[in-house]
Amino acid sequence: MRMSRLFGKTQREVPAEADTVSHQLLIRAGMIHQEATGVYSYLPLAWRVLRKIESIIRDEMNKAGGQELSMPVLQPLELWQETGRDQAFGKGLFVLTDRRDRKLALGPTHEEIITQLVGHNVQSYRDLPLLLYQIQTKFRDEPRPRAGLIRVREFTMKDLYSFDADEAGLDRSYQLMIEAYQNIYARCELPALLVEADSGAIGGKDSHEFMVIAESGEDEIIGCDKCHYAANVEKAQSTKSKVGGGDPLPPEEVSTPGLGTIEEVASFLKVPASQTLKAVFYMADGELVFVSIRGDIEVNEVKLKNLLRCVELRLASEEEVIKAGIAAGAASPIGIKGIKIIADDSITTGTNFVAGANKPDTHLRNVNYPRDFKADIMADIANAHAGDSCPSCGAKLSSTHGIEVGHIFKLGTFLSEKLNAPYIDAKGEARPIIMGCYGIGLGRLLAAAIEQNHDDKGIIWPVPIAPYQVYLCPLYRENSKVAEVAEKVYAELEAKEFEVLFDDREESPGVKFNDADLLGIPLRVTISPRTLEKNSVEIKQRAEKEAQLVPLAEVKTRLRELL
RNA sequence: CGGGGUGUAGCGCAGUCGGGUAGCGCGCAGCGUUUGGGACGCUGAGGUCGGAGGUUCAAGUCCUCUCACCCCGACCA
């Protein structure tokens, strides 16, 4: 490809819109253009990268035994209503109305469609296992798209679905996909960490995410320094420290005038926050819920939401709390009635806690569970923190940020039951097919690759996904020898199936070098009068500082070695 | 949805307080001189000042409404 003909211009200045590295570089390199919030055009360079990622993914899916198909973006809303997932997605679902007043959803994912499709085509256990996938555009009306291609509303995703007759089969399919995913990231030269994940509204047994560690990542990962434990903070557990407190003493009221927060109460009573119980109120699908948790620990809302099996969970407003007749700031699980009490198991890690007294400006000392109150549900609903103890080996946990570049789920039978997709087993009995699903966002993978591979000059593409392999850079093209050799080298390289971006522009060396660095093509071949004096060209790897002089006759061999 | 911010040429911005001929840098076009890490000179093109309504002799600037985009939070398979 000739630079002079390439659609898409590099730009010198950092766009005001972008404050994530990958977003800035993608725009500066002329690779993407924003059309609306979270909606982008891919210009030729970005499209080439995306296609390379796509072909790596396709190859690994096929190797794993997947069969590719294509399903519609436009899906009847009724299908979503049948599984109730229109509610789970809520406003995240793009819904439109056709001329006959039928409601259609733009597919945010394709579980419903494929389950129905498989239900029509699979009758027997002999048809299983089955791995089906597609690479398709998805639409989600995200509350807040951000960071360029990292979180968008329209995106290309590879989604594979597994269909098995039994749990053991699902486990095999799941394992097969983990391996396929690891191959994909390895081939993209992107180190991805497998972490335990929350499976969200869809439920199911296991779920894992593949994370690329990056400062700009939206997800927090809690990991053990010693063993292999790693989990999304939404899911992560930690062993809660014991706080002691001595033998249970009788409860005792203390006056705490004007003190509301845990910090205020704890410092006033001269006890650590870990020796207090905090009351947190939530509205779960419109129902007020009381949460009791140790004062130094925060509620993990994802865990709470899963526990309550609710669609909408948010902190209750002070008005809602007061309206329920509760003393805000001094609320207590003791003696409270007509409200569901959820307790984090941290409240059993000690004795003689300070808690509210359900009276304004009053707290209680020496509160003990279960002596003084009962919880309707006791569970782990705490946020794990760096510094906590690993639930698997007890060593210290640490925290990093990551970009989620893959998410896999053991779905189970929820969808095949709702949408009536049974198979007949060997005994002639009908059973629901057991499903799994496995997604990779291609655009996000592309962005993650940039987050992971760049310097202050620009992108440094890993060879397998680089838009071109070679940046052919003649200097002083008005020198007829340079022009002639450059054209010849270009033709020869293309003939040998090198992917070459030929900078045939009349630009100064500085401009060309800077564009070469910005675009991040792995190998740069410079031809100038200076190199031609020695009958050579200069080859430089994008990631390296030094260039090497290579005789013209050896260029192809040398490039081949470096790719 | 809550909080904060920004909309002026393809990009980055000034001008808005205090109303009076719409500017700068980059980029773009032409000519010339240059050129191994974003060269220089001259000439030139390019703007519904996000949109609508209002106040005024006069609005980029003041008022009302509205839209878009960005950041934080909520939210998010």
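Two residues are in contact when heavy atoms of theirs lie within 4.5 Å. With that in hand, let's look at chain A, which comes here as a predicted model. Take the contacts between residues at least 6 apart in sequence: 70% of them join residues at least 24 apart.

What is the chain built from? Its secondary structure comes to 15 helices and 31 strands. The C-alpha trace spans about 95 × 65 × 50 Å along its principal axes. Chain A has 563 residues, and 52% of them are buried. About 26,200 Å² of the chain is exposed, with carbon and sulfur atoms supplying 48% of that area. As for charge, chain A carries 67 positive and 83 negative charges, and the mean positions of the two sets are 2 Å apart.

Now for the partner, RNA strand B. There are 46 residues around this strand, and those that come nearest are Thr109, Arg144, Glu478, Asp517 and Ser528. Of the RNA atoms that come within 4 Å of the protein, 52% belong to sugar and phosphate.

Which part of the chain gives the largest share of the surface near RNA strand B? That's helix 13, with 7 residues. Other elements supply at least two residues each, including strand 1 (32-36), helix 8 (301-308) and strand 21 (397-412).

Here are some polar contacts between chain A and the RNA:

| Residue and atom | Atom of RNA strand B | Distance |
|---|---|---|
| Thr37, backbone N or O | phosphate oxygen | 2.8 Å |
| Tyr476, polar side-chain atom | sugar or linking oxygen | 2.6 Å |
| Glu538, polar side-chain atom | base nitrogen | 2.6 Å |

Methods:
Residues are numbered from 1 along each chain as its sequence is written. Chains are lettered from A and ligands numbered from 1 in the order in which they are written. This is a predicted model: local features need pLDDT of at least 70, side-chain atom pairs count only at pLDDT 80 or more; totals for chains, interfaces and linings use all residues. Side-chain values use heavy atoms; hydrogens and water are left out. Helices (H or I, at least four residues) and strands (E, at least two) are DSSP runs, numbered from the N terminus. Buried means under 20% relative accessible area, exposed over 50%, partly exposed in between (1.4 Å probe, protein chains only). Accessible areas come from the Shrake-Rupley method with a 1.4 Å probe; for residues, only the protein chains shown count as cover. Lys and Arg count as positive and Asp and Glu as negative; His and the chain ends are not counted. The place of a charge is taken as NZ of Lys, CZ of Arg, CG of Asp or CD of Glu. A residue is near a molecule or strand if one of its heavy atoms lies within 4 Å of it. A polar contact is a pair of N or O atoms within 3.5 Å; within protein, one must be able to donate a hydrogen and the other to accept it, and residues adjacent in sequence count only if both atoms are side-chain atoms.
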